[in-house]
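Q: Please take a close look at the cysteines of this protein and at the part of the interior that surrounds any bonded pair. I would like the cut-offs stated along the way.

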Amino acid sequence: MSIKSIVACGCLGAVILAMAACSPRRIPPMTVTDLMEDRVTLDGVLMKCNQNQSRARTDSDCLNARIAIERLASRTESAKEAKRTEEFEHTRERLRSQEKQRHEQESKPKADVYDLPLVPVEPTAPPAPPPNETNPPPVAREPNP
């Protein structure tokens with residue numbers, strides 16, 4: 001090998017190394033958990049995927065974003081289900097306590113109206129007629145001394 005070929009190979013190697021060093025680093029795709037924690041980034045990735053439909057099916061960011069959306073949806077559904085279950089149990093306990101109170105009310109002895117003692121009813125005096133000019137009200141007279 002001649003010196004020219006060695007220098008040419010060295011220059012070629014230096015150019016290749018310089019180009020490799022100057023090229024932008026490839027950003028690793030975001031993980032599903034990263035996307036689930038950062039909703040703003042998740043929305044941005046989904047908007048990018050919706051704009052470029054052909055790339056969206058093969059891009060790992062788009063796939064991870066769709067998985068993150070599904071997991072978030074299932075998480076909210078399970079939270080809603082837990083809340084519904086809690087409300088159901090609360091309602092059930094309230095109804096049980098009402099049923100218990102009603103049962104206690106029914107189990108108390110009740111007075112039988114047919115066994116109560118009779119109380120005689122005394123008739124009341126009829127009301128006095130209203131006073132008028134032809135029929136003056138009776139005046140109480142004092143006895144003569």
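A: What follows goes from the cysteines to the core and then to a patch on the surface.

This is a predicted model, in which local features need pLDDT of at least 70 and side-chain atom pairs count only at pLDDT 80 or more, while totals for chains, interfaces and linings use all residues. Residues are numbered from 1 along each chain as its sequence is written, and side-chain values use heavy atoms, with hydrogens and water left out.

Taking a disulfide as a pair of cysteine sulfur atoms within 2.5 Å, the count comes to 1 disulfide. Cys49 and Cys62 form this bond, with their sulfur atoms 1.7 Å apart, and the link is left-handed, at -100° about the S-S bond. Because Cys49 belongs to helix α3 (residues 39-51) and Cys62 to helix α5, the pair ties together parts that are 13 residues apart in sequence; helices here are DSSP runs of H or I with at least four residues, numbered from the N terminus. Cys49 is buried at a relative accessible area of 1%, and Cys62 is buried at 2%, where buried means under 20% relative accessible area, exposed over 50%, and partly exposed in between (1.4 Å probe, protein chains only).

Cys9 and Cys11 are another matter. The cysteine sulfur closest to that of Cys9 is in Cys11, at 9.5 Å, which is too far for a bond. Cys9 is partly exposed, with a relative accessible area of 48%, and Cys11 is likewise partly exposed, at 45%.

The bonded cysteines also belong to the largest nonpolar core, which has 11 residues, including Cys49, Cys62, Val45, Leu46, Ala65 and Leu72. Such a core is a set of buried Ala, Val, Leu, Ile, Met, Phe, Trp, Tyr and Cys residues joined through side-chain atoms within 4.5 Å. Helices α2 (32-37), α3 and α5 each supply at least two residues of this core. Leu72, leaving aside its neighbours within four places in sequence, is in contact (heavy atoms within 4.5 Å) with Met36, Arg39 and Leu42. In soluble globular proteins, nonpolar side chains tend to be buried together.

Val113, by contrast, counts as exposed because its relative accessibility is 59%, and its place is in the segment after α5 (60-107).
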